[in-house]
Structure formats: C-alpha cells, structure tokens
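The following note sets out points on helix packing and on the nonpolar interior for a colleague's consideration. Please read each point alongside the coordinates.

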Amino acid sequence: MLRTYLFKVRALFNLHDGEDDKEKVFESVRKNVSYRGANFWILACAIIIASIGLNVNSTAVVIGAMLISPLMGPIVGAGFALGVYDFDLLRKSLFNLLNSTLLSLTVSTLYFMMSPFKDIASELASRTSPNIYDVLIAFFGGVVGVIAVTRTEKGNPIPGVAIATALMPPLCTAGYGLATAQWSYFFGAFYLYCINCVFIGIATFLIIKYLKYPAKKQVDERQQKQVRTIISTLIIVMLLPSSYLAYSLYREQQFKKNTDTFIENQFTDKGYTVVYKKTKYGSSDKKIELAFLSTRFEDDELARLEQKIEENKYLRGAELIIRQDSTDRFRALKGDILNEIKNTENEVNQKDIRIAQLESEIAKNTFDSPKMLKEARTIFTAITSLSISNHSLATTDFGTESITAVIYESEEELHIEETERLTNWLNERLSVKNVIVFRRNEILPTLPEFEEEEEEY
C-alpha cells in the first residue's frame with residue numbers, strides 16, 4: 001500500500017512524462033540562440049515599447065514588451081550548453097547575449113535621451129534595488145521556462161516566464177540611468193538584469209542535468225570541476241549583494257512597522273493627536289519626527305520616550321524629534337495665519353481708503369448742473385443750457401493748474417459786462433476763484449450745421 005502511494009507521488013513529480021525528443025529540443029535551443037535579421041529588429045522594437053511603458057508608467061505596455069522580447073533564447077542556450085558541455089554553443093550563446101544586451105542598452109539610452117519626460121516613475125524605480133526575492137523569481141522562472149522548452153506540448157508557461165523574470169525592464173532602466181547620468185539606477189538595474197540571466201541559466205543547467213541530457217562530448221573530471229566552479233562563483237557573486245539588499249529591505253520594513261507600533265502605544269492610545277509624522281531610515285541615520293495638536297512634553301517625558309526607542313532592537317539608534325506646539329511648528333503656523341489675516345485686513349483698508357479718495361475726487365468734479373441752470377436763468381434769462389466741471393491743466397513748467405470750466409448756450413451772445421457778471425456770480429456761488437466761462441456756440445461753431453446734416457441724412 002505504501003509502495004503504491006509512493007509510486008503515485010513519484011509519478012506526480014516525474015519530468016520525463018511528456019518530454020520531447022532530446023535531439024529535437026537541443027536543435028530548437030540552438031536555433032533560438034541566434035540573433036540575426038528579424039530577431040534584432042524585434043528586440044529593438046521591444047526595447048522601445050518597454051522604454052515607453054516605463055517612461056509613462058504603464059504596466060500593460062511593459063508586459064506587452066516582455067511578451068515579444070526574444071532575450072530568453074541565448075540565456076537558456078547558455079545554461080543548456082553548460083549542461084551538455086557544448087562549449088561552442090556556450091560561446092555562441094554568450095556572444096549573442098552580449099550583442100543583444102549592448103543593442104538593448106543603446107536603443108533604450110537613445111530613447112531616454114530624446115524623451116522629454118525625465119522624471120523617475122514607479123515602474124522605473126522598482127527595478128533599481130534587486131534583492132534575494134528577485135533571485136528566487138529568476139531561478140524558479142527559469143525552472144518553469146526550461147521545463148516548458150523540453151515538453152512535447154509547450155503550453156502557456158513560456159509567456160508567463162517572460163513576464164515573471166522581466167529581462168526587458170531592467171535593461172531599459174539601465175538605459176535610463178545612462179541617459180540621465182544617474183549611476184545608481186544604472187548599476188542597480190543592470191545588476192537585476194545579471195541576476196535574471198545567471199539564475200535562469202543555472203536553473204536551465206540543473207534541469208538539463210536532472211533530465212540526463214547526454215553530453216555533447218566527453219569531458220574529464222577537471223573540466224567538469226571548472227564548470228561547477230564557474231557556476232558556484234556566479235551564484236555567490238549574485239547572492240551576496242542581493243542577500244544584503246534583502247536584509248536591508250527587511251530591516252527597513254521592520255523599522256516602519258515598529259515605528260507605527262511605538263506611536264500607537266505611546267501616543268495614540270493615550271489620547272494624543274498626532275498631526276505630523278515623518279520617518280527616515282538609513283544605515284547610520286534613522287529619525288522619527290512627530291508633531292501633536294496642542295501637546296507639550298517635558299524633558300523627563302522625552303527621556304522616557306527615548307529610552308523606549310533604545311529598548312526596541314529595530315528602533316535602536318533612531319533620533320526622536322518632537323515638534324513642540326509652543327516653540328516651533330504650530331506656533332509658527334499660528335503666527336503665519338494671524339499675519340496673513342492682518343495683511344488681508346490692511347489690504348482691504350488700503351482699498352477702502354483709495355475708494356474714498358476716488359469718490360472724493362469724483363465729488364469735487366460733480367456739480368448739479370440742472371439746479372445751477374435754473375438759478376442762472378433767474379439772473380441771465382438768455383442762457384438756455386449750462387455745464388460745469390473741474391479740470392487740471394498741465395503747464396510748460398511741468399506744473400498743473402486747476403480751473404472750473406463753465407460752458408453755456410444762449411439765444412444771443414452775452415455782452416462783456418454780462419459775461420464778467422456771470423463769472424463773478426459763479427465764483428461766489430461755487431466758492432471758487434478760477435471759473436472760466438465759454439459759450440458753446442463759440443467753441444463748437446459747426447455743431448448746428450453737423451446736426452442739420454445728420455437730420456437730413
């Protein structure tokens with residue numbers, strides 16, 4: 001019974017079931033290694049599409065570019081060549097991989113140099129800090145990819161592997177780093193690309209060994225040892241930095257998590273309202289900056305909080321900065337608001353004063369002409385219309401002179417004595433001494449003719 005159960009379990013994990021002819025698989029892998037003509041055009045276009053997707057932060061476009069990319073061919077070919085000790089195929093695979101990598105970097109760099117959008121998007125930033133999880137994705141993605149290659153029916157895994165292992169986006173991000181001279185982006189993204197290439201190749205090597213593909217030629221123990229040494233060295237070179245980066249990521253996440261717990265336990269649960277929070281995590285510089293609504297902590301309370309931080313291994317060494325309401329942030333904010341209100345009130349007052357000045361100026365220049373005409377006609381019966389207004393005359397010595405101009409119409413011209421009497425009466429009536437009288441018929445002699453012509457027209 002147990003033997004039957006174990007047999008069934010073993011059958012579940014049997015990779016030989018559905019396996020394609022080994023010679024046919026080998027020939028297919030060899031064919032996909034080559035980069036000529038159409039493959040180069042497809043790769044260049046895929047790089048441009050992926051660069052556009054990263055530039056505009058479109059995940060869908062990036063996925064589409066990964067699906068049409070032919071980059072997997074030489075990587076699987078290199079792992080396959082190591083597995084069967086075909087060093088000619090290995091050289092050819094590495095040569096084509098180098099060419100495709102240089103082409104991809106060149107095309108993506110040129111695109112980002114010409115693109116008007118140089119800001120870092122989340123799709124770009126997410127591919128600049130590889131860690132151990134990227135190693136696992138590359139390895140298990142490579143395992144799925146090579147298993148699919150060796151099947152009679154290829155099925156759907158290969159497109160999924162192309163998306164999961166994401167060879168195109170790191171190369172495009174590296175091109176962005178070159179185009180903008182941001183070397184941390186270039187090295188981080190190119191390191192991620194190297195991780196994907198190495199561990200897809202290693203996964204291919206292990207599966208080929210497991211499936212017992214025959215060696216292309218017999219090699220001695222020394223050559224086999226050299227291959228194992230190369231693979232072991234590559235694994236160590238890729239694993240050590242990525243493991244450190246993964247550990248750093250873990251520490252940062254723990255710092256943020258424990259910071260939130262610290263704030264909740266020490267402040268929120270005790271009724272303090274946190275209105276501002278800012279954290280900073282670095283290998284030698286960690287900060288927790290907080291501000292509260294109308295709360296002030298004394299020195300002994302601050303010392304107790306700092307002690308709590310030191311007792312937490314993930315927060316140890318972090319600097320606690322509390323913005324006190326009575327000394328800095330909120331007092332300054334309050335002062336700014338009051339100053340703004342005061343400035344606004346002053347602005348309104350200035351406008352009111354200006355409006356009053358303008359109204360006063362307008363009032364000075366406003367006379368009740370109908371009333372003045374009525375009064376003037378009791379003395380000067382010949383006057384039929386009257387207009388009064390103040391004017392400012394510019395003089396040749398760059399000064400000004402104020403006059404009160406009076407224009408009248410009359411049935412017959414006033415004599416000189418009557419004009420002088422009218423002027424004196426107006427000076428007295430208007431409480432001024434600068435009245436100048438004009439007869440409209442004299443200053444606009446053609447007006448009646450113009451009116452007659454207009455009526456005829």
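1. A residue is termed buried when its relative accessible area is under 20%. The model under review is predicted. Leu 43 has a relative accessible area of 0% and is therefore buried.

2. Leu 43 belongs to helix H3. Setting aside residues up to four places away in sequence, Leu 43 touches Tyr 35, Ser 69, Pro 70, Leu 71, Ser 100, Leu 103, Ser 104 and Met 168. The C-alpha atoms of Leu 43 and Val 107 lie 9.7 Å apart, although 64 residues separate the two in sequence.

3. The largest nonpolar core comprises 33 residues, and Leu 71, Leu 167, Met 168 and Tyr 193 have the most contacts inside it. At least two residues of this core come from each of H3 (38-55), H4 (59-68), H5 (72-84), H6 (87-114), H10 (168-179) and H11. A second, separate core has 32 residues, including Val 25, Phe 26, Ala 78 and Leu 82.

4. Met 168 merits separate mention. Beyond its neighbours within four places in sequence, Met 168 is in contact with residues including Leu 43, Ala 46, Ile 47 and Ala 50, as well as Ala 65, Met 66, Ser 69 and Leu 71.

5. Helices H11 (residues 183-210) and H12 (residues 221-266) have axes that come within 10 Å and cross at roughly 140°; the two helices are therefore oblique to each other. The crossing of H11 past H12 is left-handed. Contributors to the contact include Tyr 191, Phe 199 and Phe 205 of H11 and Val 227, Met 238 and Leu 245 of H12. By class, this contact has 16 nonpolar residues, one polar residue and no charged residues.

How values were computed:
Residues are numbered from 1 along each chain as its sequence is written. This is a predicted model: local features need pLDDT of at least 70, side-chain atom pairs count only at pLDDT 80 or more; totals for chains, interfaces and linings use all residues. Side-chain values use heavy atoms; hydrogens and water are left out. Axes are lines fitted to C-alpha atoms, for helices over the stretch in contact, and angles run from 0 to 180 degrees between N-to-C directions. Helices (H or I, at least four residues) and strands (E, at least two) are DSSP runs, numbered from the N terminus. Angles under 35 degrees count as roughly parallel, over 145 as roughly antiparallel, 65 to 115 as roughly perpendicular and the rest as oblique. A crossing is left-handed if the near helix is turned anticlockwise from the far one by less than a right angle, and right-handed if clockwise. Contact means heavy atoms within 4.5 Å. Ala, Val, Leu, Ile, Met, Phe, Trp, Tyr, Cys and Pro count as nonpolar, Asp, Glu, Lys and Arg as charged, and the others, Gly among them, as polar. A nonpolar core is a set of buried Ala, Val, Leu, Ile, Met, Phe, Trp, Tyr and Cys residues joined through side-chain atoms within 4.5 Å. Buried means under 20% relative accessible area, exposed over 50%, partly exposed in between (1.4 Å probe, protein chains only).
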